[in-house]
Every structure is written in structure tokens, then in C-alpha cells.
Amino acid sequence: MKGLMMDTQLLISSIAQHAEKFHGDREIVSVTADNPRHRYTFREAIGRAKKLANALERLGVKQGDRVASLAWNDYRHLEIYYGVSGSGYVCHTINPRLFPEQIVFIINHAEDRFICVDVMFVPLLEAVADKIPNVEGFIILTDEAHMPETSLPNVMCYETLLAAESSEFDWPELDERSASALCYTSGTTGNPKGVLYDHRSTILHAYATLSIDVAGVSSRDVAMPVVPFFHVNAWGVPYSALMAGTKLVLPGPKMGDGEALYELIESEDVTKAFGVPTVWLSLLQYTEKTGKRLEKLEQSLVGGAAVPRAMIEVFRDKHGVELRQGWGMTETSPIGTVNTIKAGLEDLSKDEQLDLATKAGRGIFGCELRIVDDNGGELPWDGEAFGALQVRGPWVCSDYFKLEGSGGTHTDDGWFETGDVATIDPQGYVAITDRTKDVIKSGGEWISSIELENTAMGHPAVAEAAVIGVAHPKWTERPLLVVVRSEGEDVSKEEMLAYFDGKVATWWVPSDVVFVDELPHTATGKVKKIELRKQFAEYRLPG
Ligand code: AMP
């Protein structure tokens, strides 16, 4: 027997309608290249998103067509999120940090019809314009006064385009399974792969992130996503904030600027922030240098890479800020796990709480998890067994755009293979130990490069650290620690190795340490281990 509930569709446009009606006066504050502090309300944002929807319709965009963005986090990008997806078009957010060849590949692969582009990324498109002939027009995200000289063909000014349109628009009644947004993985091996979100997955994911043990933003909060709008839909914040009525602070091109982030947090009363660990490193460096304290911030959701214990500790003890670690992927919308203290664990000592906080957290409702061995057999949740992490749920991708099952990333019984290796403890806390391809196998046993990196990062003289496996005649592989020293520091190899004493099993201690000026990074700021392994391909362990 079927239930008797209404069959209304879960649509991104319904968030826009809700935000307008219930939180119309809430503010959105942005930094843009043409305005250091732009402010307006949710009502104005949605009104302009409707103008954009009218403009795109006039340009002949049809349901399902891709309209791309190449832009930082600001109010115009937010309007694109709603104006494009709300109208039944697909918002393809392009990561400007991808290599030019990858940008060409994804624009052509996505078959983008129009690209909305920040002034500062115009040169990037000019350099590849002859390789993306199918793009019909470029909409530059500024007003007439700030329009750049450009060799791009078919250029339009965003503000002029909007000025000609009405802010009345009837959002179409779509099927909730219609595609809403497209985001390509950074493609450390091979071409980037497109993850195609739909309205339903987006709404369910945003709902889930609103719960107290996930991001828990409310209408009394002020949220600042420092995670880019082009990195997995800024972890859903542009949706969840408008659902909850949360004031938004958008740092525009100032994402990596510790001082600018500090000023925004303090002057706009930001209570909840979102970003990858490297972003918070620049904020911490600024507070260390100036002796300033974060007075307003309460919590930051951090993920995308392992969060160093030392960073969690400084935020907690110096600034009273909870760094809440989460794990996720482009393929998982992204949030799969989040780390908060579970009932029964409140009495852990401060040190034990820190140990727990270095884990990726517990699976949130809606994202099932399991770890399996090489034969696909499920492994126990004992905190010891390492296995390939697989996930399943309504906001996990079922395939990649136009790959038709050839990605080889799904099991026969319908789980997604994350490519991460993890342990899960009896309380359900997941610890990511490696990417499958980065695992170090020494004497037949696995060593977690992430745990070693985390330990090394606790040393005050270490700015960044990475661990890779290198060949060893007896043990097959041994860990090599590659360190970038903090400015003005001169820690030695012996001091570095001694630092591991008592912190990890003796056989895990790296066999050697190499100091470098910088580590190679991917377009989303992760250490590029493939590149690092290439760099050290000829390296031989001492003795
Ligand atoms: P992306 O799709 O670019 O967001 O990258 C997803 C990958 O980032 C995951 O598969 C993990 O390897 C890594 N990652 C994300 N969150 C964490 C975390 N909390 N700890 C360790 N690695 C993480």
C-alpha cells in the first residue's frame, strides 16, 4: 500500500522561493574585484537570479544545456547558481586552477554554451579561446565601467545583460531528478571526470548538512564559505544558507589572504566558516604574526584533506574555535562523514578529544559506509583493519557524465569505490589513512602516510609535510618524509626523526627525511603524490 503524501518535487528553485519569503532581509556580503564590500539581501539576490534566468532564456538556452562559471565566491556567482540551476539548466563550475589543457577538455566535454567569467580569469580563456570554438558567448561578471579589453568573441557584460531584464520569472516545474550542476574532479590521473548533480541530491545533501552534528548553520549564524564555489558546490553552503536564512559572507578573490579573512570574520560577525586546511593555515599565520585572536568565530568545517592535530589544537586552545573535520569527495556532493563528539565520549581528556578530532568522523545519515579487503570482503569496525572505503547514498554519484559505466568505480552491488583507504572504529569514526594509490606497504603491512604527515606537521618547524613509499630491498617499501621547513627554521633530519619517538609504532618511523622548498599541489590544494613520487623516482635510501 502506498502512503498518501504529496508528490512535490525537491527543486533548487524552491530554496530560492523559501529564502525570498522567509529570509528576504538576510544579508549577503561579498568582496569582488570591483567592490571591496558589496552588500545586499537575499530578496535582491533572488530578484537578480530571475533576471539572469530571463536573460539566458532570451539567449536561447534550453533545459539541460550547460552554462559554465569561472569565478570566485561572490554575489554574482551565487546568482548564477540559482539563475542557471533554478531554470533547469546545468551550472558547470570550472576550477580556474586546473591546467589550461584540462580547462579546454572540460569545457568541450561539458559542451558549455555560455561561460560566465570573472574579469581576472578573462586572460585564462583568451589563451585557449581557439580551442573552445563551440562556446557561443562569454558573460563577463562586472559592470560596463569595469569591462576589460578582450580578444574573446561574443562578449557580454553581466550587469548590462541583467539591466535589460525583468525580475519576474516563473521557475519551471522540473523533475527533481533533472541535472542541476556539473563539477569535474581534478583528475590526478587521466582526464577530469564530470560529476552531475541533480536537484534531489542537492536538496537532500543541503538538508543533511543543516543538522547540528554536521554544519548546523541556523538563521542566527553568519556563514563564510572559503571553500570555492567551484569545489563541489562550496560543500552545499550556497544552498543550506538560503534554506536556513544564514547571512553569507563571500570572500571573492581574497580566499587565501589570512589578513582579509580575519577582517571579514571580525567585522561581519562570522560564526561558522568552511574551508580546506591550507586556507586556515594562512589565517593562523596571520593571527600568530599579529597576536590577534579570533573573537567571533565558533566553528569551522574543515575537509578535503587530513586536518593536522596541531591545527585543531591551536584553534581550540588559542581561539576557542572548534575545527570540525569532515570527509567527502566531488563524487559525494561532498559530505560523507563529520567529526563531532558522540554521546558517551564527553569525558575523554582534552588530549584524547584531540586524537579523536584528527579522524574524519562518523558517517552522516544518508551516506552509508563500508570498508572492504582486496577480495571485496567486508572488514570489521575495530579501528585496526585498513580497507578500501566504499559509500552509497542519494547524494553519491551513480556514474560520471558521458562515461556510461566505463569509469570502473562502482561495485556490482551498487557501491561507489572512493579510492580512499580507511579504518572505522567501534564507535563508527572513520580515519582516512591513504589514497589507495598512496598506500605504503612495508614488510606486507600497511603504514598510513596521512598519520605520519599529521605527526610531522605537529613539529613547530614544519610548514608542510608529505610521506611517500620508496623502494627497499628487504621491506619492499619504506616511508620517506619530505618536509618544507617553516620560514627561518632549521630543523635537522635527526631532530625530525626523534620527534616521532613514542608517537607512532617504531617500524612506522620514516627511514629518511628530505627537505624541499615546496611540495607539488593539485588544483584543489592537495599534495600531488604522483608528482612527488616522480620527483623521488631515482632516490635511494641511505645504506
Ligand atoms: P575532491 O573530490 O577534490 O574533494 O577530493 C576528495 C578526496 O580528498 C578524498 O577522496 C580524500 O582522499 C581526500 N579527503 C577529503 N577529506 C579528507 C579528510 N578529512 N581526510 C583525509 N583525506 C580527505
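This report walks through a pocket, a set of paired strands and several salt bridges in a predicted model.

## A pocket between two domains

Let's start with the second largest pocket, which holds about 750 Å³ of space. Its lining is made up of 22 residues, and Leu281, Gln285, Pro460, Val462 and Ser486 are the ones nearest the centre. Four elements each give two or more residues to this lining: helix 10 (277-290), helix 11 (309-319), strand 23 (462-472) and strand 24 (476-485). Helix 10 provides the largest share, with seven residues.

Where does the second largest pocket lie with respect to domain 2 and domain 3? Domain 2 (256-437) and domain 3 (440-543) both give residues to the lining, so the pocket lies between them. By residue type, the lining divides into twelve nonpolar, five polar and five charged residues.

## Strands 14, 15 and 16

Next, have a look at strand 15 (residues 335-338), which pairs with strand 14 (residues 322-328) in the antiparallel sense over three bridges. The two strands form a hairpin with six residues between them. Within that turn, Ser333 has a positive phi of about 75 degrees.

On its other pairing, strand 15 runs antiparallel to strand 16 (residues 361-363), joined by two bridges. Thr337 is a handy residue to follow here: it is the bridge partner of Trp327, and it also stands opposite Gly363 in strand 16.

## Salt bridges

The structure holds 35 salt bridges. One of them joins Arg43 and Asp25, at 2.9 Å from N to O. This pair links distant parts of the chain, 18 residues apart: Arg43 sits in helix 2 (residues 42-58), and Asp25 in the loop between helix 1 (12-23) and strand 1 (27-32). Arg43 is partly exposed, at 41% relative accessibility, whereas Asp25 is exposed at 59%.

Asp65 and Arg113 form another salt bridge, with their closest N and O atoms 2.7 Å apart. Asp65 lies in the loop between helix 2 and strand 3 (66-70) and Arg113 in strand 5 (residues 112-117), so the pair ties together parts 48 residues apart in sequence. Are these two residues buried or exposed? Both Asp65 and Arg113 are buried.

## A helix-to-helix pair and a network

The side chains of Asp317 and Lys350 also meet in a salt bridge, at 3.7 Å from N to O. Asp317 belongs to helix 11 and Lys350 to helix 12 (residues 350-357), so this pair ties together parts 33 residues apart in sequence. Asp317 is partly exposed at 43% relative accessibility, while Lys350 is exposed at 54%. Finally, Glu27, Arg37, Arg39, Lys247 and Glu268 are joined into one network by salt bridges that share partners.

Note on methods:
Residues numbered from 1 in each chain as written. Predicted model: local features only at pLDDT ≥ 70, side-chain atom pairs only at ≥ 80, totals over all residues. Heavy atoms only, no water. 1 Å grid on protein atoms, 1.4 Å probe; cavity = no way out; pocket = protein on both sides within 12 Å on 5 of 7 lines; lining within 4 Å. Points joined across faces, edges and corners; volume = space filled by probe spheres on them. Nonpolar A, V, L, I, M, F, W, Y, C, P; charged D, E, K, R; others polar. Domains from an automatic or database assignment. Pairing = 2+ DSSP bridges. Salt bridge = Lys/Arg side-chain N within 4 Å of Asp/Glu carboxyl O. Buried < 20%, exposed > 50% of the residue type's maximum accessible area, 1.4 Å probe, protein only.
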